[in-house]
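Colleague: I have a few short questions about this structure. Can we go through them one by one?

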Amino acid sequence: MIKLNIGCGPNLQFPGFVNMDNSPSVWISRFPRLKKAFHRAGIINDNQLKDDWSGVIKCDASRRIPYPDGSVDKIYSSHFLEHIPREKGVHVLRECYRVLREDGLLRLVVPDLLWHADRYVTKTRQLLAENNMQREPHDEFLETVYGAYLSKSRYGGF
C-alpha cells in the first residue's frame, strides 16, 4: 500500500507514509554542519535547528508527484494548500488525482476561514468593549489561517 503525506513539514510525519515536502529545510537537514552554520549566522532559528526532517523526501508536488498514474492508495495533506498560489494548488490536486488509484482516498485539511473569521471578530469586539487593545485575536488569526510566525518570544526568533 502506498500512502503519501504531501507538505508534511517537520512535525507532521507519519509512520507508513512517504512524507514529502518542498521546504529548503529538507535539503539543508542532510548537511548537519551546514545547518549549524546557518544557525550560527542567524539564518535559521533555534526551532528550525531542532526540526527533524529525516525521512522526508524533497518533492515539489505543484510540479509532479513522482509516482505512476493510479499507483497511490492514500494521500493526506494538512495545512499545505493555503500556502501556495491557486494555480499551483490546482496542479497539486490534479497530480493527486493522477496518482491515486481509482478507489484511492484523498484527505485534505485546510483552515475553515469562516470559523476563524467569526472567532476573530467575536474576540476583537469583546476586547474593544473592554477597552483592551491586545493583538491576540489578530495574531491567532494569522497563525492559524496563514501559518505566520508572528511572535519572536513564542517561536524562539526568526
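Modeller: The turns below take up a helix, a surface patch, a strand residue and some rings. Keep in mind that this is a predicted model.

Colleague: Start with helix H4. What span should its 14 residues have, and how far apart are its end C-alpha atoms?

Modeller: Helix H4 covers residues 86–99, and at 1.5 Å a residue it should span 20 Å. Its end C-alpha atoms are 20 Å apart, so the two values agree.

Colleague: Which residues of H4 are buried?

Modeller: They are Gly89, Val92, Glu95, Cys96, Arg98 and Val99. The cover over them includes strand S1 (3–6), S4 and strand S5 (100–109).

Colleague: And Leu93, is that buried or exposed?

Modeller: Leu93, also in helix H4, is partly exposed because its relative accessibility is 34%. Together with Leu106 and Leu108, Leu93 makes a nonpolar surface patch of about 210 Å².

Colleague: Back to S4. Where does Ser78 lie, and what does it touch?

Modeller: Ser78 lies in strand S4, residues 72–78. Leaving aside residues up to four places away in sequence, Ser78 touches Ile6, Gly7, Leu12 and Val109. Its relative accessible area is 8%, so Ser78 is buried.

Colleague: New topic: how many aromatic pairs are there?

Modeller: The count is 4. In one of them, Trp27 and Phe31, the ring centres are 4.9 Å apart and the planes are at 50 degrees.

Colleague: Why does that pair count as tilted?

Modeller: Because 50 degrees is neither under 30, which would be stacked, nor over 60, which would be edge-to-face. Trp27 is partly exposed at 47% relative accessibility, and Phe31 is partly exposed at 39%.

Colleague: Which residues do ring pairs link into a cluster?

Modeller: Phe14, Phe17 and Tyr76.

Methods:
Residues numbered from 1 in each chain as written. Predicted model: local features only at pLDDT ≥ 70, side-chain atom pairs only at ≥ 80, totals over all residues. Heavy atoms only, no water. Helix = DSSP H or I, 4+ residues; strand = E, 2+ residues; numbered from the N terminus. Buried < 20%, exposed > 50% of the residue type's maximum accessible area, 1.4 Å probe, protein only. Contact = heavy atoms within 4.5 Å. Expected span 1.5 Å × (residues − 1). Patch = residues over 30% accessible without salt bridge, like charges linked within 9 Å, V, L, I, M, F, W, Y side chains within 5 Å. Areas by Shrake-Rupley, 256 points an atom, 1.4 Å probe, with all protein chains shown as cover. Salt bridge = Lys/Arg side-chain N within 4 Å of Asp/Glu carboxyl O. Phe/Tyr/Trp six-rings, centres within 6.5 Å; stacked < 30°, edge-to-face > 60°.
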